[in-house]
Amino acid sequence: MLCFAPIGTVSAGNDGGAHLASISQEVLAKKIIQKQERKILFSLVDLRLEGEYQSGHLPGAVNAPLKKLRFLAESMFAKNDEIIFYGYSREDRASANAMILLGNKGFKHISLLDGGFEEWKGKVE
């Protein structure tokens with residue numbers, strides 16, 4: 001069974017298979033730069049609705065609202081991919097639900113952006 005903690009790390013089951021954690025705005029900003037420089041790979045997923053995504057999103061993010069993610073996660077990502085989710089705000093439950101959903105599906109490296117889009121101070125596309 002997967003448990004969610006808003007800050008820190010949670011695990012799925014006793015085997016420690018999934019690594020689920022929160023990620024700070026500052027750390028993500030650095031990772032986005034590294035990704036743009038092709039030094040690292042990860043998937044950044046905007047869980048907001050398509051219209052909100054179109055109005056502005058974090059650089060390199062793909063849009064996958066939770067309803068879509070439920071059905072397409074396995075075709076969008078590999079189980080060992082690093083995946084970082086963000087939603088509207090710190091109180092957005094979709095982000096926590098996405099982490100739990102993918103953790104239960106066997107995805108191994110899942111993070112949740114602290115504060116979500118609302119608190120993002122970096123560039124948007």
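In this predicted model, strand β3 (residues 43-46) and strand β5 run parallel and are joined by 4 bridges. One position in this pairing sets D46 opposite Y86 in β5. On its other pairing, β5 meets strand β6 (residues 109-113), again in the parallel sense and over 4 bridges. Here E82 stands opposite H109 in β6. Between these two strands the chain passes from β5 through helix α4 (residues 93-104) to β6, a β-α-β crossover that is right-handed.

Strand β5 covers residues 82-86, and 4 of its 5 residues are buried, so the rest of the structure largely encloses this strand. In a regular strand, side chains point alternately to the two faces of the sheet.

**The chain as a whole**

The chain contains 4 helices and 6 strands. Their order along the sequence is β-β-α-β-α-β-α-β-α-β. Of its 125 residues, 43% count as buried. Among contacts in the chain with a separation of 6 or more, 63% are between residues 24 or more positions apart.

**The nonpolar cores**

Which residues have the most contacts inside the largest nonpolar core? They are V45, L69, F77, I83, F85, L102 and F107, in a core of 16 residues. Helix α3 (66-76), β5, α4 and β6 each give two or more residues to this core. Helix α4 gives the most, with 4 residues.

I83 shows what such a core residue touches. Leaving aside residues up to four places away in sequence, I83 touches V45, F77, L102 and F107, and also S43, H109, I110 and S111. A second, separate core has 12 residues, including L28, Y53, Y86 and W120.

W120 lies in the segment after β6. With a relative accessible area of 12%, W120 is under the 20% limit and therefore buried. Residues that W120 touches, not counting those up to four places away in sequence, are Q25, L28, A29, I32, L58 and L113. In sequence W120 and L28 are 92 residues apart, while the distance between their C-alpha atoms is 9.9 Å.

**Rings and their partners**

How many aromatic pairs are there in the model? The count is 1. The pair consists of Y86 and F117; it is stacked, with 6.3 Å centre to centre and 20° between the planes. Y86 belongs to strand β5 and F117 to the segment after β6, so the pair ties together parts that are 31 residues apart in sequence. The two members can be described by their accessibility. Y86 is buried because its relative accessibility is 0%. F117 counts as partly exposed because its relative accessibility is 22%, and partly exposed applies to values between the 20% and 50% limits.

Two lysines lie over the faces of phenylalanine rings, as the table lists.

| Lysine | Ring | Distance from the ring centre |
|---|---|---|
| K31 | F42 | 5.5 Å |
| K79 | F107 | 4.7 Å |

F107 has also been named among the residues with the most contacts inside the largest nonpolar core.

**Two single residues**

D46 and R38 are worth a separate look.

D46 is placed in strand β3. Is D46 buried or exposed? At 0% relative accessibility, D46 counts as buried. Apart from residues up to four places away in sequence, D46 touches Y53, H57, A61, V62, N63, A64, P65 and Y86. Y86 is thus a residue that D46 touches, and Y86 also stands opposite D46 in the pairing of β3 with β5.

R38 sits in the loop between α1 (25-36) and β3. Its relative accessible area is 76%, so R38 is exposed; the limit for this term is over 50%. R38 has a positive phi of about 60°, although it is not a glycine. Most residues other than glycine have a negative phi.

Notes:
Residues are numbered from 1 along each chain as its sequence is written. This is a predicted model: local features need pLDDT of at least 70, side-chain atom pairs count only at pLDDT 80 or more; totals for chains, interfaces and linings use all residues. Side-chain values use heavy atoms; hydrogens and water are left out. Buried means under 20% relative accessible area, exposed over 50%, partly exposed in between (1.4 Å probe, protein chains only). Two strands pair if DSSP finds at least two bridges between them. A crossover is right-handed if, with the strands pointing away from the viewer, the path from the first strand over the helix to the second runs clockwise. Rings of Phe, Tyr and Trp (its six-membered ring) pair if their centres lie within 6.5 Å; planes under 30 degrees apart count as stacked, over 60 as edge-to-face and the rest as tilted. A charge sits over a ring if NZ of Lys or CZ of Arg is within 6 Å of the ring centre and within 35 degrees of the ring normal. A nonpolar core is a set of buried Ala, Val, Leu, Ile, Met, Phe, Trp, Tyr and Cys residues joined through side-chain atoms within 4.5 Å. Contact means heavy atoms within 4.5 Å.
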